[in-house]
Amino acid sequence: MMLHKRIISLALALLLSLGLTACGQQDSAPEETDPDTVTQPATPEDVPQTPDSEDTSLTKLRETLANGGHLCGIAFLGTLPDGNPAKLSSLMQSNGYLEAYPFLADLGQDQIVAYEGSEVYCVVPRDREADLTVQEFISNEANHYQGEVGKTLYHSDQGRPVVLIGNVSDIIPNTQVTLIGSDGQKMVYTPSLSLCDGTVDLPVSPSVYDFSRYQPAEATPTDTEFLGTWQADGATLTFSADETMTFQPNSSAQLMTGTFYVISSSTQYPDGSVLFEMTTGDSGDDFWGVFTISRSGNSLTVTNVSGDLLSGSQTATFTLVG
């Protein structure tokens, strides 16, 4: 009987020992967790992104724009032979832009908008959140040279600087920039050069900062020998000292009024040629053309180079009145 009780006691002790061991293993094992509650390692998409750092020269230029109340800055970088973007870096280097504005060396290929032409401009929005769009600007006989936009060449809402290559003609620009600042201020602008002095022709509004590095050049004297009133076959042509002009093809035709500019810097037209820009009061028909003007005594010869013809002929000869 005693033996039977001891056997039972030993069996109970063995069972107790096994139970304690099992409990110990269970306590040391990792707890099971819900897979949906496990924190996964952060991926690059999950990590909060900070704005890309920009070159100091770009930051300083933006500060200049903000302090001066300018919506953007624009620079004429030079003329690119054949409009070849592969030669852009050497052009900017030779004209001192890479040294003055190192950020230009870091522009991506998508920030270089190469269209038809060889004039090179850089547009820098003041705001990093600015919306900038570049489109074709089409001006031809089909739209009576009034101009209309075509396809979109570039768009960004991150205020990135862009380089524009375009303008086949000195008179008719072929790209249009639409810029909307973070405050809603808007600019619609066609970059081009003034035929008077070769500087960037800036819009009247909003304010735009010209950060071009113009090369020193000798001043070209303006020929004013053609000032006065001239007549030929019933037509009257008048040039005034304030660079305004009038033209009346005949006594029954509407008087056209406008301005003239002596071209002193052009890649297409000879220095000394004259741009006529006129309109009629009622119909609003526009007239523009480039002419060479030569005077011999009281005789004035006006020859069309480009644009509309004066009196419907390539060359017209006028006589001084008075």
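In this predicted model, the side chains of R126 and D183 come together in a salt bridge, with 3.6 Å between N and O. What makes the pair worth a second look is where its two members sit. R126 belongs to the loop between β3 (119-125) and β4 (131-138), while D183 belongs to the loop between β7 (175-180) and β8 (186-189), so the contact ties together parts that are 57 residues apart in sequence. The two partners also differ in how much of them shows at the surface: R126 is buried, at a relative accessible area of 15%, whereas D183 is exposed, at 53%.

R126 has another partner as well. It forms a salt bridge with D127, and here the closest N and O atoms are 3.0 Å apart. D127 is buried, with a relative accessible area of 11%. Pairings like these fit a simple idea: side chains of opposite charge can pair when their charged atoms come close.

Moving on to another pair, R160 forms a salt bridge with D110, and their closest N and O atoms are 2.7 Å apart. Loops are involved here too. R160 lies between β5 (148-156) and β6 (162-167), and D110 lies between α4 (97-100) and β2 (112-117), so this salt bridge ties together parts that are 50 residues apart in sequence. Both residues land in the middle category for accessibility: R160 is partly exposed, with a relative accessible area of 23%, and D110 is partly exposed as well, with 44%.

Salt bridges can also join up into a group. E54, R62 and R128 do just that, being linked in a network of salt bridges. Taken over the whole structure, the count of salt bridges comes to five.

Then there is the matter of disulfides. A disulfide is a covalent bond between the sulfur atoms of two cysteines. A search of the whole structure turns up zero of them. Take C72, which is in no disulfide: the nearest cysteine sulfur belongs to C122 and is 10.0 Å away. Seen from the other side, the closest cysteine sulfur to that of C122 is the one in C72, and at 10.0 Å it is too far for a bond. For comparison, the two sulfur atoms would have to be within 2.5 Å to count as a disulfide. Both cysteines are tucked away from the surface, since C72 counts as buried at 1% relative accessibility and C122 counts as buried at 0%.

Note on methods
Residues numbered from 1 in each chain as written. Predicted model: local features only at pLDDT ≥ 70, side-chain atom pairs only at ≥ 80, totals over all residues. Heavy atoms only, no water. Salt bridge = Lys/Arg side-chain N within 4 Å of Asp/Glu carboxyl O. Helix = DSSP H or I, 4+ residues; strand = E, 2+ residues; numbered from the N terminus. Buried < 20%, exposed > 50% of the residue type's maximum accessible area, 1.4 Å probe, protein only.
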